Amino acid sequence: MREKIEELLIEVEGFHAENPAAVEDFRIKMLSKKGLISELFNDFRTLSPEDKKVVGQQLNALKTKALEKVNTLKEQMEETINQQKASGKYPDLSLPADFALSGSRHPISIVRNQINSIFEKIGFVISEGPEIEDDSHNFSALNFAEEHPARDMQDTFFVEKNPDIALRTHTSSVQVRVMKNQQPPIRTISPGRVFRNEAISARAHCIFHQVEGLYIDKGVSFADLRHVLDHFAREFFGADARIRLRPSYFPFTEPSAEVDVSCPFCKGKGCNICKGSGWVEIMGCGMVDPNVLENCNIDSKVYSGYAFGMGIERITMLKYLVNDLRLYFENDVRFLRQFSSAH
Ligand code: PHE
């Protein structure tokens, strides 16, 4: 029996395992109820009291060694598995699947699409044109007098060495193109990027976006203009939104007006967004000047029309309360990730 114990002791000490299953097999072979060591304990009962003294110690020592071996191997294996899991080598099939990260739309695009769809639903067609324009489409055809300050170098980016070519300062230039190519009825909106020679700050940028609208037909009146703007304000800002028109001046419209919407935050009561007035300015508008119609070969005695134009950034700022324009151009994903929309 002592020999048997020694044999097993050598086996226990020399045991190595490749995987947890091998350790478990070894445990069963040695330590389970019918295992080799348990068998020795059964035989042990039949020994004489003197033998029991000596063999008992050896047998207990063997059992302890075997238990220790099994436990250390188990621990070591668990640790390697955890390390492999952490390093990604060991696929954990119980983990939930990775989400496919989808991008989010830029807030300016979200608002532009929303504005487009409000007007598309009432029959306006989208028209687009070039960002690099000639003086005629951007200024002359729109009734800008030769000495109008908007043509000044400070407002407009001219293409070097050619004062006739510039980056468009508004998308009214697209409307000139539509009017020249199409006879009324015309009902169009022109979304797009525009450029002005301004110093960049939280409140001004040299690039921004506009949506301009144009409707020309027989008998179009200022009341039609007011009606469509009312509709837009309610669709965009909510059913309780109101607008007011203040007289203004644009070379291409007569009469002209500035459009204010009741402050979407305080509902007209006065807050720091509307600087206590209850109103915020959102766009310019007016009846298309007959000179503009004539410049574009549309008979101003037969047709009349209205036009309006808004800055998308301004509307976006009101929608999301983000008051630094520069954020819209930096494309910092931490900023952009916050926007999501069905539009
Ligand atoms: N084009 C004008 C601007 O850029 C906006 C506008 C459009 C005003 C149409 C009146 C009518 O500021």
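## Exercises on a predicted model

Pro-255 is found in strand S8, which spans residues 253–262, and the exercises below treat this residue and other features of a structure that is a predicted model.

**Exercise 1.** Describe the peptide bond from Glu-254 to Pro-255, and find where a cis peptide bond joins two prolines.

*Solution.* Begin with the strand: the bond from Glu-254 to Pro-255 is cis, and its omega is near -5°. Next, turn to Pro-184 and Pro-185, which are joined by a cis peptide bond with an omega of about 5°. Finally, place Pro-185 in the fold, where it belongs to the loop between helix H7 (172–181) and strand S5 (186–195). As background, most peptide bonds are trans.

**Exercise 2.** Determine the sign of phi at Lys-275 and locate this residue.

*Solution.* The phi of Lys-275 is near 50°, which is a positive value in a residue other than glycine. For context, most residues other than glycine have a negative phi. As to its location, Lys-275 sits in the loop between S8 and strand S9 (279–288).

**Exercise 3.** Work out how helices H2 and H3 are oriented towards each other, and which residues make their contact.

*Solution.* First, take the axes of H2 (residues 20–31) and H3 (residues 36–44), which come within 4 Å and cross at roughly 10°. Angles under 35 degrees count as roughly parallel, and the two helices are therefore roughly parallel to each other. Then list the contact residues, which are Lys-29, Met-30 and Leu-31 on H2, together with Leu-36, Ile-37 and Ser-38 on H3. Sorted by character, the residues of this contact comprise 4 nonpolar, 1 polar and 1 charged.

**Exercise 4.** Identify the closest residues around the ligand and trace the polar side-chain atoms that approach the ligand.

*Solution.* The ligand is surrounded by 13 residues, of which the closest are His-170, Ser-172, Arg-196, Gln-210 and Glu-212. Taking the side chains in turn, Arg-196 has a polar atom 2.9 Å from an oxygen atom of the ligand, while a polar side-chain atom of Gln-210 lies 2.8 Å from a ligand oxygen atom. For Glu-212, an N or O atom of the side chain is 2.7 Å from a nitrogen atom of the ligand. As a last step, consider the cover: on its own the ligand has 320 Å² of accessible area, and the protein covers 90% of this.

Note on methods
Residues are numbered from 1 along each chain as its sequence is written. This is a predicted model: local features need pLDDT of at least 70, side-chain atom pairs count only at pLDDT 80 or more; totals for chains, interfaces and linings use all residues. Side-chain values use heavy atoms; hydrogens and water are left out. Axes are lines fitted to C-alpha atoms, for helices over the stretch in contact, and angles run from 0 to 180 degrees between N-to-C directions. Angles under 35 degrees count as roughly parallel, over 145 as roughly antiparallel, 65 to 115 as roughly perpendicular and the rest as oblique. Contact means heavy atoms within 4.5 Å. Ala, Val, Leu, Ile, Met, Phe, Trp, Tyr, Cys and Pro count as nonpolar, Asp, Glu, Lys and Arg as charged, and the others, Gly among them, as polar. A residue is near a molecule or strand if one of its heavy atoms lies within 4 Å of it. A polar contact is a pair of N or O atoms within 3.5 Å; within protein, one must be able to donate a hydrogen and the other to accept it, and residues adjacent in sequence count only if both atoms are side-chain atoms. Accessible areas come from the Shrake-Rupley method with a 1.4 Å probe; for residues, only the protein chains shown count as cover.
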